[in-house]
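Reader: Got the model open. Can you walk me through it quickly?
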Amino acid sequence: MSDFRGETGYVEAELIDDETMQNDEPATETQAIDVVEIVESEPGSLVLEEHVAEQEWTREFAIEDRSAAVPETELVGAADIDAGTDAEAGEHDEPGDEHGTTAGSDAAGAAPAPQPERVADGPRLQSLPMVKALNAGLRRALADDPKVLLMGEDIGPLGGVFRVTEGLQAEFGTKRVLDTPLAESGIIGSAIGLAMRGYRPVVEIQFNGFVFPGFDQITTQLAKLTNRHSGAVSMPVVIRIPHGGHIGAVEHHQEAPEAYFAHTAGLRIVAPSTPHDAYWMIQEAIASDDPVIFFEPMSRYWPKGEVDTVENGVPLHASRVVRTGTDATVVAWAGMVPVALRAAEIAAEEGRSIEVVDLRSLSPIDYGPVVQSVQKTGRLIVAQEAPGTVSVASEVAAAVSEKAFYSLESPVLRVAGFDTPFPPAKLEGVYLPDADRILEAVDRALAY
């Protein structure tokens, strides 16, 4: 095949039996679904170059260029790559090499083709859903540090289940964005080894309940290696985990397992609630020399919010007051923050003033804004999606009772998921706390 390569596009297609193809007969069965790359080998000629990654489940697709249906402003920039760019450059690079090696480059020092425009290089203030904000934050981290790697199941051409990593493998290559086997223990174990060699792996767990096959690696190895080596070994590993419910799924897909990890010394635990926080916190987590569990609220993946791509101003582990009030304080994190804000809006219509604090970090917890708020309002309600017994909400309630006991006008109350396994999707509205349950707790606190 000619060395000339033009624009590339990724499609999903069905893999047809070889014998059927040889007989030029219509396909009767689908063996598996692969993601394949269409490459322009000669002007006007498209060929299927190679199979990239087999999918976990079987579905039928027509071969179709997905970029045709996407507005130009949404594209990662593949269409802007120079005709001399090697779409598979990452396959020839070491993980620490600079991305973007071009097929036309040689020992004579040919100039590399221009890189695709990054989202962060656009307007300073952008309206983005959290998915796109995370994508932009990961892209910026990959571009800024060649030691940053992404690892996970179907995160390459598919872009992950929620498309958080969409387009990143095409831009940075398969040595920087790695599709892995379906083995969470192996993925996390590999990330630990890479971290010991100086890399900064970012691991994606497809759904929250899927993290438990890798739980041993996280809690007995990743969290303890730095201490075990008296600080001589750093573990800059980020584990991204979709968090919480509100997406109409089943158990293992809508859980909130933060208490397991917050209880484990040696881990940092963070959970953004806005696209702006997601954009900056993912970069700060990757820059940390400690392992970070990064919970991403699935209920907030698609609502848009303003992202300032130039200035953040809030440290990774800082809590923040997101609505001021005088009658009671509601503390929440991740997907419960907008629920708490909605409860505060309803309360305002009824003449009550609710202050809402976004915790943002679950380990360590920044109690400063929480305690100051409770000293002002005298009442605290902690809202979470996880079951209430032995939870982060329990810890916050205990800590505030210690730190602000004489300011409390009523007991600290918790609004949480029930102490049961996550129910079928039709019952998630009963299981997950809503604004009404928060307001009922506010009523009880104010009744004292």
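Reader: What share of the residues counts as buried?
Author: 52% of the 448 residues in the protein. Keep in mind that this is a predicted model.
Reader: And how much area is exposed?
Author: About 19,800 Å². Carbon and sulfur atoms make up 51% of that.
Reader: How many helices and strands?
Author: The protein has 13 helices and 17 strands.
Reader: What about contact range?
Author: Take contacts between residues at least 6 apart in sequence: 77% of them link residues at least 24 apart.
Reader: Switching to cavities. How many of 30 Å³ or more?
Author: There are 5.
Reader: What volume does the second largest have?
Author: The second largest cavity holds about 60 Å³ of space.
Reader: Which residues line it?
Author: G160, V161, F162, V164, E204, I205, Q206, R240, I241, P242, E296 and Y301. By type, that lining has 7 nonpolar, 2 polar and 3 charged residues.
Reader: Which element gives the largest share of that lining?
Author: Strand β8, residues 238-243, with 3 residues.
Reader: Now α11. What does it span from first C-alpha to last?
Author: Helix α11 covers residues 392-403, 12 in number, and spans 16 Å. That is close to the 16 Å expected at 1.5 Å a residue.
Reader: Which of its residues are buried?
Author: In α11, V392, A393, S394, V396, A397, A399 and V400.
Reader: What do those pack against?
Author: Two helices, α7 (258-262) and α10 (368-377), plus strands β15 (361-363), β16 (380-387) and β17 (413-417).

Notes: Residues numbered from 1 in each chain as written. Predicted model: local features only at pLDDT ≥ 70, side-chain atom pairs only at ≥ 80, totals over all residues. Heavy atoms only, no water. 1 Å grid on protein atoms, 1.4 Å probe; cavity = no way out; pocket = protein on both sides within 12 Å on 5 of 7 lines; lining within 4 Å. Points joined across faces, edges and corners; volume = space filled by probe spheres on them. Helix = DSSP H or I, 4+ residues; strand = E, 2+ residues; numbered from the N terminus. Nonpolar A, V, L, I, M, F, W, Y, C, P; charged D, E, K, R; others polar. Buried < 20%, exposed > 50% of the residue type's maximum accessible area, 1.4 Å probe, protein only. Contact = heavy atoms within 4.5 Å. Areas by Shrake-Rupley, 256 points an atom, 1.4 Å probe, with all protein chains shown as cover. Expected span 1.5 Å × (residues − 1).
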